[in-house]
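Biologist: Could you take me through one part of this model, the surroundings of the ligand, and then set that part in the context of the rest of the chain? I would like the terms explained as they come up.

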Amino acid sequence: MKPVLFSSGIIGTGSYVPEKVITNQDLEKIVNTSDEWITSRTGIRERRIVNDEQATSDLSTIAAKRALEDAGLNAEEIDLIIVATITPDMSFPSTACIVQNNIGAVRGAAFDLEAACSGFLYALNVANQFVATGFYKNILVIGAECLSRITNWKDRRTCILFGDGAGAAVVSRVEEGYGFLSHYMGADGNGGDSLNLKAGGSRLPASMATIEQELHYIHMDGSEVFKFAVRIMASAAEEAIKRAGITKEQIDSLIPHQANIRIIKGAAKRLNLGMDKIFVNLDHYGNMSAASIPVALDEAVRSGKIRKGDNVCMVGFGGGLTWASNVLKWAVDTE
Ligand code: ACO
């Protein structure tokens with residue numbers, strides 16, 4: 001993939017997770033589960049949960065300010081804000097508009113994008129198109145979720161998996177030869193039933209009946225999603241690497257969606273990639289859907305695991321079903 005006019009890449013990252021920690025031992029007191037089961041089946045040890053006053057825009061706002069500071073930009077320099085989320089503050093206005101007001105990005109257009117756990121990578125792709133064509137200069141891309149609000153805390157099959165958080169990245173013009181080398185996105189609406197939230201939309205508006213039937217919570221066929229995830233994570237990463245015109249051996253860091261360590265290891269095996277190249281933080285945060293990849297990216301950058309010139313591959317999958325991946329040559333110094 002050749003940029004049309006300008007090289008575009010990420011020039012700053014930021015993230016925020018709520019202070020409140022829920023450990024596996026805490027969950028043992030709520031549902032019939034065990035730390036041993038959760039750790040061995042998922043790799044998750046704890047997750048962060050919002051307090052009663054916090055919503056997705058609050059998490060997004062903190063992550064956004066941190067990313068702007070890292071990029072050395074003022075909020076007024078932002079042309080567009082995209083928030084990827086399946087847990088917006090409300091149906092409308094968009095969470096992106098709320099963030100725009102919170103940070104004072106007065107010149108910025110703003111919209112939300114929904115592609116479940118693939119949302120942040122979908123949003124990065126959209127941002128890249130605007131910057132590469134010269135239409136916009138600086139775009140704030142946020143992946144943020146309050147999954148605890150749509151989790152059924154009585155369902156042990158799902159409540160052990162999820163957490164809340166937000167991550168952000170600033171997409172801008174970068175030195176030629178750096179930035180996005182490739183993008184890949186896909187969807188299979190035929191698999192939509194395996195991962196969804198049925199009520200609260202125009203098909204099944206909120207009612208006493210939908211609440212009684214617990215249709216406002218995440219519904220998931222875990223084993224179907226698991227099989228899909230291992231296959232698609234490997235093939236989507238391979239596709240982005242091929243489109244970037246490099247080889248697997250040239251990848252310095254892989255930032256995968258953080259759903260389950262067994263999914264990540266399964267994908268790594270298919271890719272024949274050592275775990276030392278793969279960034280994992282799901283033990284601390286669980287699956288934060290659209291926030292997982294940007295939080296992991298920010299932590300990888302800040303811990304010095306990603307350096308200028310590194311080839312970084314990000315890959316994710318999620319409800320829809322959807323998947324997305326990309327490769328970037330990291331464009332900024334991280335020391
Ligand atoms: N504690 C103890 N036992 C449990 C728990 C639990 N928390 N959850 C399920 N079990 C039991 C099941 O009831 C089942 O018991 P049974 O054999 O007596 O019926 C047994 O453990 C095995 O259950 P499986 O579902 O086969 O367990 P599996 O190894 O597949 O792991 C898991 C389940 C972790 C959900 C896995 O399938 C998975 O990670 N799937 C992908 C999930 C995912 O990535 N989702 C993305 C969602 S992102 C989004 O868009 C919001």
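Modeller: Contact here means that heavy atoms lie within 4.5 Å. This is a predicted model, in which local features need pLDDT of at least 70 and side-chain atom pairs count only at pLDDT 80 or more, whereas totals for chains, interfaces and linings use all residues. Residues are numbered from 1 along each chain as its sequence is written, and side-chain values use heavy atoms, with hydrogens and water left out.

The shell around the ligand has 24 residues, of which Thr 33, Arg 41, Cys 117, Arg 156 and Asn 260 come nearest; a residue is near a molecule if one of its heavy atoms lies within 4 Å of it. By class, this shell has 12 nonpolar, 8 polar and 4 charged residues, where Ala, Val, Leu, Ile, Met, Phe, Trp, Tyr, Cys and Pro count as nonpolar, Asp, Glu, Lys and Arg as charged, and the others, Gly among them, as polar. Helices H2 (35-42), H6 (156-159), H8 (222-244) and H9 (261-271) each supply at least two residues of the shell, and the largest share, 4 residues, comes from H8. Helices (H or I, at least four residues) and strands (E, at least two) are DSSP runs, numbered from the N terminus.

Several side chains make polar contacts with the ligand, a polar contact being a pair of N or O atoms within 3.5 Å; within protein, one must be able to donate a hydrogen and the other to accept it, and residues adjacent in sequence count only if both atoms are side-chain atoms. A side-chain N or O atom of Thr 33 is 2.7 Å from a nitrogen atom of the ligand, while such an atom in Arg 41 is 2.8 Å from a ligand oxygen and one in Trp 37 is 3.4 Å from a ligand oxygen. The protein covers 74% of the 1,000 Å² of accessible area that the ligand has on its own, as given by the Shrake-Rupley method with a 1.4 Å probe; for residues, only the protein chains shown count as cover.

The domain assignment, which is automatic or comes from a database, gives domain 1 (8-178) and domain 2 (180-329), and the shell around the ligand draws at least three residues from each of them. The centres of the two domains, taken over C-alpha atoms, are separated by 14 Å, and their contact takes 54 residues from domain 1 and 49 residues from domain 2.

Turning to the loops, Thr 85 is found between strand E4 (80-84) and helix H4 (95-103), and it counts as buried because its relative accessibility is 5%, buried meaning under 20% relative accessible area, exposed over 50%, and partly exposed in between (1.4 Å probe, protein chains only). The side chain of Thr 85 reaches the backbone nitrogen of Thr 87 at 2.9 Å, and, not counting residues up to four places away in sequence, Thr 85 touches Thr 56, Thr 95, Asp 112, Leu 113, Glu 114, Ala 144, Glu 145 and Ala 290. The loop between E4 and H4 also holds Pro 93, which is joined to Phe 92 by a cis peptide bond with omega about 0 degrees.

Most residues other than glycine have a negative phi, and most peptide bonds are trans. Phi is nevertheless positive at Asn 272, near 60 degrees, and at Ser 289, near 50 degrees. Asn 272 is exposed because its relative accessible area is 69%, whereas Ser 289 counts as buried because its relative accessibility is 3%.
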